[in-house]
Amino acid sequence: MRKMTVIRTPIIDALKKHQRQHPLSFHVPGHKNGDVSPIFLNEFKEILSYDVTELEGLDDLHDPSGPIAESQQLCAQLYGAQETHFLVGGSTSGNLAMIYGLCNAGDVVLVQRNCHQSVLNGLRLAQAKVVFLQPAFDQVTSHPVGLSTSVLKKAISQYPEAKVLLLTYPNYWGQTCDQTNVIRYAKEKGLLVLCDEAHGPHFVVGDERCPESTFALGADVVVQSAHKMLPALTMAAWMHVQKSVSVVQRTKLKAALTMLQSSSPSYLLLASLDGARAFLESDGKRAYYEAVCTVEKVKQQFLCHDGCQVVTSMKQGYLNDPLKVTIKTNISQSGVVLAQELAKAGIWSEMADQDHVLLVFGLGQKIDEELLGKRLQQVIWTGKNNQSFRPFIAGTVSAVSELIDMKKYVGCTVKVSLDYAQGRIVEQPVTPYPPGVPLLYPGEYVTAAMIKQLKQLMKAGVRFQGHHPQDGLWVREVESEK
């Protein structure tokens, strides 16, 4: 008889053990195991007893030696890592620590241009010198899908002193091109390869339809958002570290994590990471196939609606996450409007851009097909059957940018209208959100093509985080303005 594999959950078990003691709390947090609970939190009272602090037997995230250390090691074994670190500030905290811990001031870092704003902030913290590399773009959606080896070779020939390559994989829409040769070439040239793989924690249980993790392809450090694609709480993420990363570098990483993560980490988040890893280990593959079946059913429902179409004509050779579905509008309204109309009918999508809406599925997710069909029937479209917003191909910058110093700018800034921003050096990033990928980075010159892109997005109703370009851009002051 086959022996059953015991799936361990060290953090969850430690919290349950502590709770069974019916402890009297004379420590933080102030809700005292849920005993002090305002009526506004009645629905959440049951979970408060597990929202504790670093007590005896519960370990310490910043110096783990008990259940947290064991849970992290189990996660490392699942992904084939030398070390895995749990993150309670999302992939944002992991990206910041990964970059700040491994990049020194003045280091030349090659960065895939469609990086998340947290990557940009990490580079600014590290005061690195950055070369942005233009990714390839899908010709159907115009979404960036990853670096080409030719662009990387060109960058290294121009900047042979580069020390780090920073990738984003896959894009927010689940698309990517195979990065095997890119990572291999970077490693051959002695570069440290870091990757923001926020949307790829489930790749470890995928099949041939699913992209392979960059960690399996040889990236040195990879950050993943467990909460995005796995059943973990929001802000729960982890960082995987290869054997190729030296002891000195791993020590710097740990120091950066201590600096950039809360000194009072949430045990609810840690428990959800423990549970998400156990779920992958025990039931991940079955849940993956169940989700893929659900995806196909949902696609069929959308294909029956006149107002939208499922994007299936991706460029040959690109990889696509089976748990993400891109919907394109068939008529004159933008993707943002489509997302709004779907929400009115009780169908909530992940995000939208000027032409598309993104649907994201979780492992093991099921759907009430009848309910979905009824709600889709409520989405009534008006307008002509054409596209007023054509996809733009982001050929607005060179494949390999000039060297941009991310050291803090100490000069003066001034706000100018979009129409008068051409040729100026932007100082604040301009970031559509979601996905939180800046279109303009501090230190860059604003071009006419960039302004055209921003106007397209504004016309489509895309939301911007921080400040909206319709209010102008913050640029560096020139001598004549003083």
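How much of the accessible surface of the protein belongs to carbon and sulfur atoms? The accessible surface comes to about 22200 Å², and 53% of that area belongs to those two kinds of atom. Good morning, everyone. Please keep in mind throughout that what we have before us is a predicted model.

Let me begin with the overall form. The protein has 482 residues, and for that number a compact globule would have a radius of gyration near 23 Å. The value for this protein is 23 Å, which agrees with that expectation. Along its principal axes, the C-alpha trace spans about 70 × 55 × 50 Å.

How much of the chain is buried? Buried residues make up 54% of the 482 residues. If we take the contacts with a sequence separation of 6 or more, 74% of them are between residues 24 or more positions apart. As for charge, there are 47 positive and 46 negative charges, and their mean positions are 3 Å apart.

I turn now to secondary structure. The protein contains 13 helices and 20 strands. I shall describe two of the sheets.

The first sheet for today is an open one of eight strands with mixed pairing. Reading across it, the order is β1-β10-β9-β8-β6-β2-β3-β16. Its edge strands are β1, residues 83-87, and β16, residues 404-405, and each of these pairs on one side only.

Let us look inside this sheet, at strand β8. Is β8 enclosed or open to the outside? Five of its five residues are buried, so β8 is largely enclosed by the rest of the structure. In a regular strand, side chains alternate between the two faces of the sheet. In β8, L192, L194 and D196 point one way, while V193 and C195 point the other way, and all are buried.

Strand β8 has β6 as one of its partners. Strand β6, residues 164-168, runs parallel to β8, residues 192-196, and five bridges join them. Within this pairing, L165 stands opposite V193, and T168 stands opposite D196. Strand β8 also pairs with β9, residues 221-224, again in the parallel sense, over three bridges. There, the bridge partner of L194 is V221 of β9.

T168 deserves a further word. This residue is found in strand β6. Its relative accessible area is 13%, and because buried means under 20%, T168 counts as buried. Leaving aside residues up to four places away in sequence, T168 touches Q112, N114, C115, H116 and D196. D196 is thus named twice for T168: it stands opposite T168 in β8, and it is among the residues that T168 touches.

The second sheet is an open one of four strands, in the order β11-β13-β15-β14, and its pairing is antiparallel. At the edges stand β11, residues 308-310, and β14, residues 351-352; each has a single partner strand, so one side of each is left without a neighbour in the sheet. Strands β13, residues 324-329, and β15, residues 356-360, run antiparallel and are joined by five bridges. One of the facing pairs here is T326 with L358, its bridge partner in β15.

From the helices I have chosen one residue, G373, which is found in helix α12, residues 369-377. G373 is buried, with a relative accessible area of 14%. How far apart in space are G373 and Q300? They are 73 residues apart in sequence, and their C-alpha atoms are 9.9 Å apart.

I shall finish with some details of the backbone. Which residues are joined by cis peptide bonds? One such bond joins V28 and P29, with omega about 5°. P29 is found in the loop between α1, residues 10-20, and α2, residues 45-48. Another cis peptide bond joins Y169 and P170, with omega about -15°. P170 lies in the loop between β6 and β7, the latter being residues 175-177.

Positive phi values also occur in residues other than glycine. K32 has a phi of about 55°, and its place is in the loop between α1 and α2. With 25% relative accessibility, K32 counts as partly exposed. S142 has a phi near 65° and lies in the loop between β4, residues 136-137, and β5, residues 144-146. S142 counts as buried, at 8% relative accessibility. Thank you for your attention.

Conventions:
Residues numbered from 1 in each chain as written. Predicted model: local features only at pLDDT ≥ 70, side-chain atom pairs only at ≥ 80, totals over all residues. Heavy atoms only, no water. Rg over C-alpha atoms; globule rule 2.2 N^0.38 Å. Buried < 20%, exposed > 50% of the residue type's maximum accessible area, 1.4 Å probe, protein only. Contact = heavy atoms within 4.5 Å. Areas by Shrake-Rupley, 256 points an atom, 1.4 Å probe, with all protein chains shown as cover. Lys, Arg positive; Asp, Glu negative; His and termini not counted. Charge placed at Lys NZ, Arg CZ, Asp CG, Glu CD. Pairing = 2+ DSSP bridges.
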